[in-house]
Amino acid sequence: MERPEMRIMHTEGLTSICHSEDGSWIASGGSEGDVRLLKTFDDDDRSFSCGSEPIYAVACANGKVFVASDDCSVSAFTVPDGKPEGILTRFSMPVYCLSVNASASLLVAGAADFEIKLVDLTSKSVKSLTGHDAPILSISIDPFVNFLASASCDGTVRIWSVGECKNVRTLRVLKKSNDLTTAKSLCRLSWQPESGKLLAIPVENEIHLYTRSDWNFSFALKSDSSSDSADEECHTISATAWLSNGTLIAGATVAGVISIWNVSNHSLLKTIASEASMITNLSWHQERKEILFAMMNGKVGQYVLEGESSGSSEDNALDVDLSGIFDDDDNEDDTLGADQPSGMAFLSREARDVDNGVDGDDEDDDDLIPVRKRTRVQQQISDDDDDGYNIEDDIDQRKGNDSMAVDASLLEAIKDDKKDDTKEATIVPTRPSCRCPPPTDLQRPFQPGSTPEILTSRFMAYNLIGTVKLSLEDDISLIDVEFHDVSLHHGIHLTNHLNHSMASLSSTALALASKTDGETPSKLQCVHFGSWDSEREWITSMPDDENVEAIGLSDGCLAVATDKRLLRTFTLTGVQTGLVCLPGPVVSVAACDFWVLVAFHEGPGLPGDQKLGCWLLDAGKNTRLKRETRLPLSSKATLSWLGFTVEGRPLSYDSKGILRVLDEASGWSWQPLSNMRNHLKGLSDHYWMVGVSEANMDIRCVLCKGSTYPTTLPRPVLTTVPIVMPLCEMGTEKSQLEGDSLRLKLFATDDEDKRLTSTLIKMFALACKADRDCRAFDIGTMLPNEQAIAMAITYASRMKRITLAEKLNEMAMERGESDDDDDDDEEMEEEEPYRPPLRKSAQKKELEVGSFQQIQLQRQHEKRKKEEEEEENEYSDDLVDEKRIELDAASDGDDDVAITKTTKPIVESKVPAPKSNPFKMSQSGSVSGGASVLGNIEELAADLDKKTKKSHLQEKKSEAEKKPRKRESKKKREERFAMKAWVEENKETLEEKFSAATSEEDFFSKIRGDFLALDDEERQRWIEKGKEISQDEKQKRGTKRKLGSENAKPSGQKTLSFFSESTKAAASDKLAGFSFSKK
């Protein structure tokens, strides 16, 4: 056996070693807590300390080294300076193994607490896998990142689906142990590179290979057991590693022996012996032409695979030349040694380039088979039928593998040539195949404000109302509901008999949902604690084979999305109000008042990206779609949270920390509201979204140190983060003021105009100081009112910016003329008699296309009005009851009772007047045949009712006067003028045609129908004529107004001519409140 080079690198204990992806660096970690970096094996190491805790595993990817240590964490460091980049994830016990995929997008770690965690290195999100019953020994990711394999001390190897996070196969092939320290083998698993079709599992003194297609056993490779040692355990294989092209595999034993096999014919090629210590890790890099290994005694070794072998069979191992594997010189040829036996695989000659199509010119070329175009592996095919090699079996095996299609075609050519007793084979070049990137796994449904379901104690919901916590105590599942405001409702404690896994909480109800287990259907439960009757809880079952995927609850409705791509809406009392089909699988659901926000998959996105759509629905009396839009996400990100602001504006939050808002004023587009990562200090820290307040301009969230979600204990602390829009150069005063102005325009507040004016005036002053007059003018055009423009003109005049002041004055005059034009158009619209009234159907349509905020305000007004009516009814009932009590008391007494008009009932009494009323009284106070007491009460009630109605009408009238009149669009104004011109032109004809009209309204309705029935060319001609009439009238009004303003303008006044003296005085007073330093 050959001997490798050895080097002491760490203290005695578990040691790990690995290559970087390009082979430029070697990293190793040991029990003393240091990580050492090498350029070459003999180079001086660059070490950095990770603390005093032992290091159990290291992995390199993307210029970083990832370290798993005894302090129960996985950390990242830069290469080669060793700068820490934070903790990626934590466990409750030491971390024993690591694995990183080739593209450095996913890291998987296993620990002694039986748990496996998947860390997305782009979004830093973490998923957990549970199922093992003992510490994790080894873990490995397949090349396509679809599966991962894990070995545990419980004696099993489990295959997991990365996308679904579930166990797909369990192999019970290992010996059980209590911990890594007592395990007979570390069982370092490995996948076949590139194709990933085989999984190598060390089982005692063999390597078992399982096929990826069905997870069945394929074949075994056995180590050399002919050594002098009689202990069978010395031949137990502990670690495996593949050559990067997947043709060779190496296995290391607990006795320090490394064996190399050819996978295609299962033959043992070489055996390498090192010191008698367990080899804990193997790393094989093709470009560096070396195998590195780490040992339990703290040493690391290197074996260089180049040079000629001795060819002796003294050690009962096939020693062959491996230099052809790594030789890049295509012109170098080595011939087969005469002393090598026939029928054995060898690696002594490089393959021909298939694309050249050149045949060999000597008889040995018939025996050379290129395994891959760029891989220098040949195989000798012997004519001897007794050598144990069957060429037909090899052809069938290679045809089943797409990556060996070239090999199969060459073998068939050799087979035909041998039948014909020829010496040359024609090699037909094959077209290279194109490998597409694997499709991105679709994001699974989730509840906003919930933590992973794998946790035994987790949050089912966490929002601004309260928390819903699920815990497991003595195998009993419990649900605890707590409210942030204890005056809203007391805590609720439930036993989870139905195995609910989803929850949503509002101020008036609690919704819970469970999934089907095959026998029990999926159920939906609602606890309506805002109900006024005794039955506050209801449960309903989903149809067979239909599972609830997400729920959304508010004070107005309950929305349920299922795996059948259906959205079901309910009232809080259990009435089903709508059933809508979704275009794709649901991702999340949120609700606010009667609005429902649904996110769903629209289809496969770009590699690594999710393609999501979003619906905003009105779940009032009839569930209907309000708006459909795409849901934007950051690159390689997933949706983390979905919800509404406190005021009812839709929001989304992705895994890259970008918070977005759906703005109706900007055409229903999503706008970035804040980048939450800019507020974080650590790379492994995250903000867990809870809600947003527009009034306070802040974001409510939970800061998670070293994780992506909070734990239930200790109770998370809610923090507020200011809304900072991600503009350019946010460190400058200019950008900060611009961000404030955008935020104020986006969110309507009570003092919006005042705050916006203050911000814009500051921006205006800053531009003037920087000699940016054009920029200052642009800011001036954004000022909201006449008084603010006057302030800007006054400041420009004081700063001696005369041109800027004049420009602003002209802009103010033009704005005033435009406002007057709109007012005139509205007056003309009222005077026009032929404009038909809006039909009921048109009114309904106009209401349907109304703005989101208008409908919200309308519903709030109706709700407030209903509450006022209920209070008035209660008050009137109390008054009537009091009056009846007084009348009863008066009837029992002997003296006559004088009824005065002191009571003020507001509704009529429902008590019928008797035929003979004993309570009639005269003016002197005695009972007479005049008006009855009840009649007086009814008269008072009617009188008060009239007064109340009159006051309501006055309030409505004042509110209507306060509301701004709706301005007519330019298109409608032109159409109105066109119709007016057409009517004047055809007045006599129209009067004769519609002489039978029953009313004036009917007459104008028929006229409008005739005008709309004109063909397109004719109607367009009249519209053009209407444009000319509109322009002429506008010019006349502008000329008249201009003449009036010039006559009123005093001589010598150059600025502020548009504004009155009171406006200028107010502007000067307000301007005095701003402290501007002159340049």
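## G29 and its sheet

G29 stands opposite V35 in β4. That pairing belongs to a join of 4 bridges between strand β3 (residues 26-29) and strand β4 (residues 34-38), and the two strands run antiparallel. Keep in mind as you look around that this is a predicted model.

Zoom out a little and you'll find β3 and β4 inside an open sheet of 4 strands, ordered β2-β3-β4-β5 and paired in the antiparallel sense. At the edges stand β2 (16-19) and β5 (46-49); each has a single partner strand, so one side of each is left without a neighbour in the sheet. On average, neighbouring strands here are turned by 20 degrees against each other, direction ignored. As background, strands of a sheet pair through backbone hydrogen bonds, either parallel or antiparallel.

## β28 and its two partners

Next, have a look at β28 (residues 299-304). One strand it pairs with is β1 (residues 5-8), in the antiparallel sense and over 4 bridges. Within β1's stretch, M6 stands opposite G301 of β28.

β28 also pairs with strand β27 (residues 290-295), again antiparallel, this time over 5 bridges. To spot this pairing, find L292, whose bridge partner in β28 is Q302. β27 and β28 form a hairpin with 3 residues between the strands, and G298 in that hairpin takes a positive phi near 90 degrees.

## R627 in strand β44

Further along the chain, R627 sits in strand β44 (residues 623-631). Is R627 buried, or is it partly exposed? Its relative accessibility is 34%, so R627 counts as partly exposed.

What does R627 touch? Setting aside neighbours within four places in sequence, R627 is in contact with C614, W615, L616 and W668. Take L616: L616 and R627 are 11 residues apart in sequence, and their C-alpha atoms are 5.1 Å apart in space.

## Helix α4

Now for a helix. α4 covers residues 733-746, which makes 14 residues. At 1.5 Å a residue, α4 should span 20 Å, and its end C-alpha atoms are indeed 20 Å apart, so the expectation and the model agree.

Which residues of α4 are buried? They are S735, L737, G739, S741, R743, L744 and L746. So what covers these buried residues? The cover includes two strands, β47 (658-663) and β48 (669-675), along with the helix α5 (752-769).

How values were computed
Residues are numbered from 1 along each chain as its sequence is written. This is a predicted model: local features need pLDDT of at least 70, side-chain atom pairs count only at pLDDT 80 or more; totals for chains, interfaces and linings use all residues. Side-chain values use heavy atoms; hydrogens and water are left out. The expected span of a helix is 1.5 Å times one less than its number of residues. Buried means under 20% relative accessible area, exposed over 50%, partly exposed in between (1.4 Å probe, protein chains only). Contact means heavy atoms within 4.5 Å. Two strands pair if DSSP finds at least two bridges between them. Axes are lines fitted to C-alpha atoms, for helices over the stretch in contact, and angles run from 0 to 180 degrees between N-to-C directions.
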